[in-house]
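Me: I would like to learn how to read the features of a protein model, one at a time. Could you take me through some of them slowly?

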Amino acid sequence: MSFIQKFAVRNVGRNKRRSLLAVISVTLSILLIVFLQGLIGGFLDNLVHNYTKNETGHVRIATKEFEEKAKFFPVTDNIKNPQKIIDIIIQDKEINRNIKSISQRITFGVLLTNEGNNKQALAYAGDIEIEKNLLMLNESILPGGRYLEADDEAIVGKLLADDLGYQLGDEISVMTQGSDYALHLKKFTIVGLFDTGLRIYDERIFQISLSSAQELLRMPDQVQQIVIMIDNYHDSESVAKKMAAKLSDYEVVVSPWTAIGGYAMWVEMANQIYNWFYIVIAFLGAFIIANIMMMVVLERRREIGIIKSMGFTNGQVLSMFVSEGMLLGFVGSVVGALVGLGIVTFLHFHGIDFSKMMGGINFPMSNIIYLRVNFLSLLVAILLGTLVSTIVSFFPSRRAEKMKIVDSIKSV
Amino acid sequence: MRTLIKIAWRNVMRNKRRTVLSALVISVGLSIYILMNSVMTGMDRANIDNLIELSTSSIKISTEQYAEDKESLPLKYGIPDADQLLAYIKEHQQVIGATPRTQFLGQLSNWEDTMPIIGQVVDIKSDETVFSLDNYLVGNYFTGSEENEIMLGKDLADEMGVGVDDYITLYALTRYDSRNADEFHIVGLLNTTDPNINLNTVLISYDTADNFLDLENLITEIDVAVERRVSFSQFTNDVNELAQSIKKEFPELRVETFTELASAFLGITEQKKVFGSIMMLIILAIAAVGIFNSVLMSVYERIREIGVLRAQGFERKEIVGLFIWEGIFIGILGSLIGVVLGCGFNLYLVIQGFPLDKFVGFQNSGIPYWGTLYGEWNVGAIIFAFCFGMIVALAASYLPSRMASKMEVTKALRFV
Amino acid sequence: MRKILLFIAIICISTSLNGQEQGITGLEILEKIDDNEFYQTIEYNGSMTIYIDDQIRTKELYTLAKSDGRKALVKFTNPEDYGTKYLMLEDELWIYFPSEEEVVKISGHMLKEGMMGSDFSYEDALEASKISEKYDVEITAQDTIFGHLCWVLKLTAKVKDVPYYSRKLWVDKEHFFTWKEEMYAKSGRLLKEMNVLKIKQFDGRYFPVESEMVNKLRKNSKTVFMMDDIAFDVDLPDDIFSLRNLQH
C-alpha cells in the first residue's frame, strides 16, 4: 500500500493552493473548537467562583453545629484549632496541589447604634489581604475612602452608613453576643464606604479584620469557618472527602459547595448545556471540514478518470483519496490544536478581562476568565478533525470511483 | 448591470451542488447561532422562574416600618386593610395569584437539641397560587385539620431526626411577646433544588398561627405572582407597571419587585450574557471560516471561466460584480434557510420547552430538578444573524474574486 | 351593715375553698410573699452557673438593688467579664462595656434573651413585681415538696402581654416564700421551672439564697443562681443608680 500513500503525499504537495485551503479550514475550525472548550471551562470556573466566594467557598470547614445553624451565623460553635487543621491539609501534597486559597472567616450578626438609631447588620471578618480576592469589597470603595489596613478599622456599605448617619472617619460601636454568650462592644473607625450596586450588600454589611472580630467575640485563635477555593471546581467533592478523611479526629465537617450552596443546580445545568453547545459546535466544525473535503474531492473527478485509465483499481483510487483526506485532516487538526493550546495556555495564565464589557457595573465579582486547559479534549479535537476528514473524503471519492472513466474525464 | 445579474443567477442555478453546499454552511451556522442564543437566554430565565416560584415571588409588599426592621422579624407593623389590598391587586389581569405571609422567629426542639428557625405563616388556600411547592413536596400539604400542622424543609427534618407524620415542638414568641411552645404534626417536607430552602423552611397555617401566636390575622407581607410571559422583558415590564400602580394607590407601603430581591443573582446573569456573546461570536467565526473557504474554493474552480469571460471583454469590475451578485444570492438563500430553520426549532422550544428533569446528565446529580427550559425570542439576534450571513457571503465573494480578476487573462485561461 | 356582712361571707366562701381553714386568698398569699421578700435595699455577692450539656460557665457578680423605683446595679467580677455592669431602672436596662468605656441601652427583643446565655432572661429579672397586675390567682391545692407543706397557687394571665401564660407556685405555708415555680406556655406546655435549693433566715424573713432555673424544652439545660454576703436595708443613695455612675 505504500506507493498509494506516496502518491497521496505527492498529490497533496502538488496542488499547494488546494491543500493549503483545506488545511487552513481544518486548522481554523479545530482552533476555534479548542478555544471554545477552554473558554467554556474557564467561564464555568468563573461562575462557580463568583457564586461561592462570599459564603461557602468551594469547600468549607466548620463545626457540625455551625453548619446546622449557618443561616443564623452562630459564633458559639467554633473551630478551636484552625491553624492546626490548615497545617494538616497543606501538608498532604495531594490535597495541597488543588488548593488556590484558604481563608479563615467569621460572619456574625451585630447591632449598630448611633444616637438612638439602632440597626442590625452583618459583619464579615477575614484576613484583609486574602479577602481582596474573595469578598473583593476593596474594588467597590467610594473615592475618599480606602480599604482596610489594620485592626479596629471597618469598611461599611454606603446605604447602611446613610441609614445610621455615619460618615467617613466616624467611630462606630458594634455590639454583639460573643462566643461566651455575653454581650460585648467594640469600636471601629470607618476608613471607607463601599457601593457595590447590590442592595443586600450595601445596606447590611461591613467588613473588619479577623483579629478584631476574634477580640470582640472573645474567641482567641478560633474561627467560625475555613473557606477554601480550589483550582478546578469539579473536584470540590473529592477534595472535600479527602480533607474529611484527614480531619476525622477533629470535630469538624468538610462540605463541598454543592452540598451547602444554593446554586449547584444552576451550575450543573449551565455545565450540561454548555457541553451540548460544545458538541453542536464541534459538529459545525466537522460539517465545515466535511464541506471543504468534499469540494476538494469533487474538484478532482477528472483526475480520477485519468488515473483509472492509467490502470489504478477502484480500491486504489479510493484509498489514495482517503489517505489524502486523512493527511490533510491530521495536519490541519494538529496545527489547529497546537495553536489553540498555545492561546488557551496563554489565556490560562493571563486571563481575559471582560469587565469593560460589563458596562461599568461594580459588582464585587471577578470579571476575569482564566481559560481551562484540557488535554483530553485536545486529543478529542485532533481525533475529530482527522476522522471527519477521512470519512468525508471517502464518500465522494467512492461515488466518483464508480463512475465510468469516460464520464469522469468528461466532467469539468 | 441587469445582464450581470442574470448571468449571476444562471451561474448559481447551474451549479446546484456548489450553491447548496455554500448556502448550507451559512444556514447551519446561523440556525445554530439562533438556537443557542435562545437556549442561553432560556437557561437564565429558568433560573429566575425557579427563584420566583420558590422564594421571591414577582412582587413582595410590606409596610415601610416592617421593611426597615425586617432583620428582627417583628410580629408587628402589619399591613392595614390587607383584604382591600389583595382585592385591588387581583383586579389586574396579569396577576395570577396574591397571598399573605407572616414571618416569625422561633425554635424547634426535639428534646435532644434546639434549632433556631425562621418560620412562615401561610394561607393554605391561596399560597399555592403564588408559590409552587407542589413539585417539591414529600408527604402531604396542609389539610386544615384541627390539630397543629407544620411543614419543614427536608434537610431540617433530617437534622432533627424527624420525618413525615412525626411530631416536633415549636417554640416562639407570640404577637404579645408571650412565650408559647406546642407540639406540631409534621404533615409534609420540602425537598427543593436549593439546600438553603431545605435547611431553613418551617411553614404553619394562619389558622394554627392565630391560636399559637395570637396572631389575630396579622399580615406582614403579601406576595404576588404575575403571569409568566414568553418574553422576559415584557414580563419585567408587567411586574414593574403593577408595582408602580400599587405604590401609587398605597403610598405608605414598600413594594419590591423580584429584580430588586434577586439583584445579586441577576448580576451574575449579566456576566453570563457577556460570556454568551463571546460564545456566539465564536460560532459565527466558525461559520465565517466555512463560508469563506467554500466560496473561495468555488472561485478558484472557476478561474478558467474568469479567463474566458475576460477574453470576451468583461471588465475586471464586472467580473467582481458578477461574483458579488452570486454571493448575494447564496447569501440570501443561506441566510433565509438558516433563519427559517432556526426560528422553526425555536418555536418549538418557546412553546413546548424542554423538560429539565428529562435532561440525561441531571438525573445523576441527585438534585431534584424540576421545571422547563423555554426558548426566548431574540429578534435582535435573528436580524443580526441574517445580516451577518449576507455580509460574510459578500466579503467571501468579493476578496477572492478581486484577486482572481487581477490575474493575467492568458494565465487564467491556462489555469488548472 | 347586714348586707355588707353577707357580701363578705359570700366572698370568703366562694374565693378560697381550699383556704377555708385560714380563710386566705391567693392574692393574700402573693402579698405575703412580697412582704417576706421585701427589702428597701439589698447588697450581695452572687454567682450564676450555666449548665448546657457538659458545658459549665460561671459568672460572678456584685449587686446593689433598691425597691423604690425598682433600681438595680450589677457588676460582674469574674475574670472574663470583669467590669461589665448592668443598670436596671423600672423596666429599662443599660449595659456598660469596660473595654470601650461605653454604655448601650438594651430594649425590645433583646430583653428576652438569657442574660449571659443563662436561662434567666433580662425580662425575668426586671419583671418581678407586676405579677398580680397581670395574673388571676387561685389556690388549687396543698402539697408537700422538699419536705415542706405548701400552698399551690395557679396564676393565669389576664392580659395578652405576659411572658408566661400561666404559672404554678409552691408557697411555703409557714414562712411565705416560693419553693418552686413552674412557667407554662399558652398551649399548656411546661417551659421553665424554678426550684429553690437553699434558704436562709435573716431577721425573721426567709430568703432564697440558692435557686435553679431549668429549661424544660431541652434536656441538660439549667442555670443555678447563688447569693452570698447578703445585707439588707443598707443605705444606697439614688445616684448610685445613675447612668453617670455606670460609666465609672
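**Reading burial, contacts and charges**

Reply: Let us begin with a single residue: B:Leu173 counts as buried because its relative accessible area is 18%, and the cut-off for that word is under 20%. Please keep in mind throughout that this is a predicted model.

Me: Where in chain B does B:Leu173 lie, and how many residues apart in sequence are B:Leu173 and B:Leu75?

Reply: B:Leu173 belongs to strand S6 of chain B, which covers residues 167-173. In sequence B:Leu173 and B:Leu75 are 98 residues apart, whereas in space their C-alpha atoms are 8.9 Å apart.

Me: How should I read a nonpolar core, and which residues have the most contacts inside the largest one?

Reply: A core is a set of buried residues of the listed nonpolar kinds, joined through their side-chain atoms. The largest one here has 164 residues, and those with the most contacts inside it are A:Tyr274, B:Ile61, B:Leu108, B:Ile150, B:Leu152, B:Ile222 and B:Val224. Helix H11 of chain A, residues 264-299, gives the most to this core, with 21 residues. To see what one such member touches, take B:Ile222, whose contacts beyond four places in sequence include B:Ile59, B:Ile61, B:Ile79, B:Leu85 and B:Pro100. There is also a second, separate core of 63 residues, and among its members are C:Phe76, C:Phe177, C:Leu191 and C:Phe225.

Me: Is a polar residue such as A:Asn50 buried or exposed, and what does A:Asn50 touch?

Reply: A:Asn50 counts as buried because its relative accessibility is 6%, and A:Asn50 sits in helix H2 of chain A, residues 16-52. Leaving out residues up to four places away in sequence, A:Asn50 touches A:Met365 and A:Ser366 in chain A, and B:Ile268 and B:Gln271 in chain B. In chain B, B:Asn50 is found in helix H2 and is likewise buried, at 8% relative accessibility. The side chain of B:Asn50 makes a polar contact of 3.2 Å with the side chain of B:Tyr136.

Me: How do I read the interface between two chains, and how many residues of chain B are in contact with chain A?

Reply: It helps to ask in turn how many residues touch, how much area is buried, and which elements take part. Between chain B and chain A, 71 residues of chain B are in contact with 68 residues of chain A, and the two chains bury about 6,300 Å² between them, 75% of it on carbon and sulfur atoms. Of the area that chain B buries against chain A, B:Gln271, B:Ile286 and B:Met297 supply 12%, more than any other three residues. The rule finds 0 salt bridges across this interface, and the count of residue pairs in polar contact, both at pLDDT 80 or more, is 0. On the side of chain B that touches chain A, the largest share comes from H11(B), with 25 residues, and the residues of that side divide into 42 nonpolar, 17 polar and 12 charged.

Me: What does the interface between chain A and chain C look like when I ask about area and salt bridges?

Reply: Chain A and chain C bury about 1,400 Å² between them, 58% of it on carbon and sulfur atoms. Within chain A, A:Tyr181, A:Leu183 and A:Leu185 lose the most area to chain C, together 44% of what that side buries. The contact takes 12 residues from chain A and 15 residues from chain C. Between these chains the count is 1 salt bridge, in which the closest N and O atoms of C:Glu102 and A:Lys187 are 3.1 Å apart. S6(A) gives the most to the side of chain A that touches chain C, with 5 residues.

Me: Which residues form salt bridges with B:Glu216?

Reply: B:Glu216 pairs with B:Arg175, the closest N and O atoms being 3.8 Å apart, and also with C:Lys160, where that distance is 2.5 Å. The second pair joins two chains, because B:Glu216 lies in the loop between H8 and S9 of chain B, and C:Lys160 in the loop between strands S8 and S9 of chain C. C:Lys160 is partly exposed, at 39% relative accessibility, and B:Glu216 is partly exposed too, at 40%. By contrast, A:Glu67 and A:Arg60, which form a salt bridge at 2.9 Å, are both buried.

Note on methods:
Residues numbered from 1 in each chain as written. Chains lettered and ligands numbered in written order. Predicted model: local features only at pLDDT ≥ 70, side-chain atom pairs only at ≥ 80, totals over all residues. Heavy atoms only, no water. Contact = heavy atoms within 4.5 Å. Buried area = accessible area lost by both parts, 1.4 Å probe. Salt bridge = Lys/Arg side-chain N within 4 Å of Asp/Glu carboxyl O. Helix = DSSP H or I, 4+ residues; strand = E, 2+ residues; numbered from the N terminus. Polar contact = N/O pair within 3.5 Å; in protein donor to acceptor, adjacent residues only side chain to side chain. Nonpolar A, V, L, I, M, F, W, Y, C, P; charged D, E, K, R; others polar. Buried < 20%, exposed > 50% of the residue type's maximum accessible area, 1.4 Å probe, protein only. Core = buried A, V, L, I, M, F, W, Y, C linked by side-chain atoms within 4.5 Å.
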